[in-house]
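Biologist: I'm still new to reading these models, and I'd like a close look at a single part. Could you walk me through the sheet and whatever packs around it, then follow the links outwards from there?

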Amino acid sequence: MVFGLMRHRMKLIVIIVSVAFVGTLLYAGGVSFFSGKGGTVNAASVATVNGTDISYADFYQAYYSIVRQQEMYGQSITGQMVGQVQYYALDQLVNQELLIQAAENAKIKVEERLVNERYKAIQDNYPSKALFEEDLRNSGLTSKELKTLLRNSLKIEALQTQLTEGLVVTDEDIKASYEEVNARHILIKPEDDGDEAKTEALERANQFCEELKAGADFAAMAKEYSADSGSKDSGGELGWFGRGKMVESFETAAFAAKINEIVGPVESQFGYHIIQVTERKEAAGEEFEKAKSELRDKLLQEKTQAELSQWFRELKETAAIEIKDPGLLGQKMMLEGAWQEAVDAFKAAILANEADPYLHSSLGQAYDQLGEADLALEQYELAAEKIGTDAELWLVVGMLHQQRENLEKAVAAYRQASDAAPMNLLLHLQLMNAYEQLGEEELVKVEEGKIASIKQAYEERQKALEELQKAQAEEEAAKDGDESALGETEPLEAEEGQELTETDAPTLGENESGE
């Protein structure tokens with residue numbers, strides 16, 4: 001019952017953001033929902049997209065909807081994840097605004113009837129209208145704003161259709177998708193990038209080809225000579241694969257090969273391949289005819305996805321996007337590997353908001369990527385001390401001190417980590433390993449004790465859960481038994497001194513035909 005209600009409530013968030021374009025093009029596991037109030041100029045904006053502001057109000061609404069969604073699934077957002085998830089929320093808002101602008105520029109209109117139908121579909125997913133309206137209020141939306149969201153969603157769906165209406169899947173596409181080969185190979189890899197090493201590797205590959213054509217055992221030669229560690233122990237076996245799975249030169253040679261033919265050497269960026277195809281699945285016959293319809297749909301979906309992805313990538317690359325919040329800009333720079341720019345952004349963010357300890361840990365990450373180990377440690381320590389109870393930060397501080405052989409400080413940080421998360425099994429396993437490396441036998445025993453306690457608590461919870469599930473199953477079985485017994489009611493007997501009247505008799509079976 002509780003989970004059923006949670007699922008109903010999740011539908012408001014999920015359906016609000018089921019913009020078809022975002023769902024297929026920018027899917028990321030449950031996007032936050034958006035206010036739909038774009039276009040207003042707001043001095044307190046977190047970013048701008050082609051001159052349109054994204055307000056902090058919209059940003060925090062988007063972020064907290066993600067937080068609520070994760071919590072409903074038992075996956076809370078904590079620690080250093082906060083900054084990353086906040087940037088993700090902002091990026092989704094930017095993407096949403098770009099899509100809405102594109103639909104507006106395409107002059108796409110939608111019928112109000114369709115908006116109302118989709119609104120009603122959301123409302124009908126709730127057990128009652130009152131509960132729907134309560135969730136709407138809690139989400140900070142009015143019915144008018146929800147309809148604006150849905151209107152935008154329909155516009156974007158229409159834009160998607162417009163952009164992909166000319167796509168087709170040919171019979172050749174279907175055949176190529178269906179065909180597969182089962183192959184094995186021997187990889188001869190040059191010892192270095194020099195011409196001499198390449199020539200030597202090619203000569204060896206040619207020699208092995210001749211030996212194989214003369215009847216040498218392919219599997220034995222693969223085990224002895226192949227440089228592909230992933231397949232050599234199995235005699236070079238690669239298994240079945242279709243087109244698009246291997247590098248181009250390898251794929252071309254494999255699909256052109258006859259069964260059991262020795263092909264090669266075939267050059268790729270990995271070296272020289274000797275290939276043997278042992279089986280082939282041809283695009284012909286009854287099975288192929290049965291699979292064609294499903295393959296056509298799958299290929300059309302893939303083509304649509306590729307077309308939309310390319311279109312959106314170009315749209316975003318040419319857009320004027322400015323992130324005004326320095327902390328979020330720092331997260332963006334981190335994702336792009338622009339470490340010095342990330343450092344500069346996080347420094348600016350700390351000046352503006354010294355109270356946020358995770359800005360220091362993010363700055364520490366950026367310094368670490370730049371190889372500035374001492375500056376990284378300094379920032380991580382600041383963050384850990386400001387928060388006090390973040391076990392993961394204390395673990396990082398301890399590891400950095402251990403790397404520098406500051407053993408006393410490492411142990412102190414590890415103790416803080418252990419106290420901060422008494423029920424985190426993975427953390428205590430890491431701490432036990434760290435103490436073993438440091439030779440701290442007493443502390444190893446302490447961690448072993450904590451690990452044993454966590455396992456015991458887990459086993460007790462599992463046992464309690466199993467007993468609860470068993471009791472629920474027995475209750476359901478008893479309930480089903482009671483319901484089935486209703487049709488087998490024993491005749492009523494009058495108590496001594498009491499007549500059984502017509503109205504006392506069971507009425508099951510009466511009025512079954514509605515008469």
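Modeller: Here is a walk from the sheet to its helices, and then on to some salt bridges. Keep in mind that this is a predicted model.

Let's begin with the sheet itself. It is an open one with three strands, in the order β2-β1-β7, and the pairing is antiparallel. The edges belong to β2 (52–55) and β7 (321–323); each has a single partner strand, so one side of each is left without a neighbour in the sheet. The sheet isn't flat like a page, either: neighbouring strands are turned by 20° against each other on average, ignoring direction. In general, strands of a sheet pair through backbone hydrogen bonds, either parallel or antiparallel. Here, β1 (residues 45–49) and β7 run antiparallel and are joined by three bridges. If you want a spot to zoom in on, try Val49, which stands opposite Ile321 in β7.

Now for the helices on the sheet. Helix α4 (residues 81–105) packs on it and touches β1, β2 and β7, with a direction that makes about 35° with that of β1. Helix α3 lies across β1 and β2, and runs at about 50° to β2.

It's worth pausing on α3. This helix covers residues 56–72, which is 17 residues, and it reaches 24 Å from its first C-alpha to its last, close to the 24 Å expected at 1.5 Å a residue. Its buried residues are Asp58, Phe59, Gln61, Ala62, Tyr63, Ser65, Ile66, Val67 and Gln69. When you look at a list like that, here's a handy rule: an α-helix has 3.6 residues a turn, so residues three or four places apart point the same way. Just after α3 comes Gly74, which takes a positive phi of about 75°.

Next, let's leave the sheet by way of α4. The structure holds 21 salt bridges, and one of them joins the side chains of Lys316 and Asp91, at 2.8 Å from N to O. Asp91 sits in α4 and Lys316 in helix α12 (residues 286–317), so this pair ties together parts that are 225 residues apart in sequence. Lys316 counts as partly exposed, at 25% relative accessibility.

Helix α12 has another partner to show you. It packs with helix α8 (residues 171–178) at an angle of about 105°, their axes 9 Å apart, and that makes α8 roughly perpendicular to α12. On the α8 side, the residues that meet α12 include Ile174 and Tyr178, and those they meet in α12 include Phe288, Leu295 and Leu299.

Finally, two salt bridges further along the chain. The side chains of Arg404 and Asp374 meet at 3.4 Å, N to O. Arg404 is in the loop between α17 (391–403) and α18 (407–420), while Asp374 is in helix α16 (residues 373–387), so the pair ties together parts 30 residues apart in sequence. Arg404 is partly exposed, with a relative accessible area of 24%, whereas Asp374 is exposed, at 59%.

The other one joins Lys450 and Asp419, whose side chains meet at 3.8 Å, N to O. Lys450 lies in helix α20 (residues 441–485) and Asp419 in α18, so parts 31 residues apart in sequence are tied together. Lys450 is partly exposed, at 25%, and Asp419 is exposed, at 57%.

Key
Residues are numbered from 1 along each chain as its sequence is written. This is a predicted model: local features need pLDDT of at least 70, side-chain atom pairs count only at pLDDT 80 or more; totals for chains, interfaces and linings use all residues. Side-chain values use heavy atoms; hydrogens and water are left out. Helices (H or I, at least four residues) and strands (E, at least two) are DSSP runs, numbered from the N terminus. The expected span of a helix is 1.5 Å times one less than its number of residues. Buried means under 20% relative accessible area, exposed over 50%, partly exposed in between (1.4 Å probe, protein chains only). Two strands pair if DSSP finds at least two bridges between them. Axes are lines fitted to C-alpha atoms, for helices over the stretch in contact, and angles run from 0 to 180 degrees between N-to-C directions. Contact means heavy atoms within 4.5 Å. A salt bridge is a side-chain nitrogen of Lys or Arg within 4 Å of a carboxyl oxygen of Asp or Glu. Angles under 35 degrees count as roughly parallel, over 145 as roughly antiparallel, 65 to 115 as roughly perpendicular and the rest as oblique.
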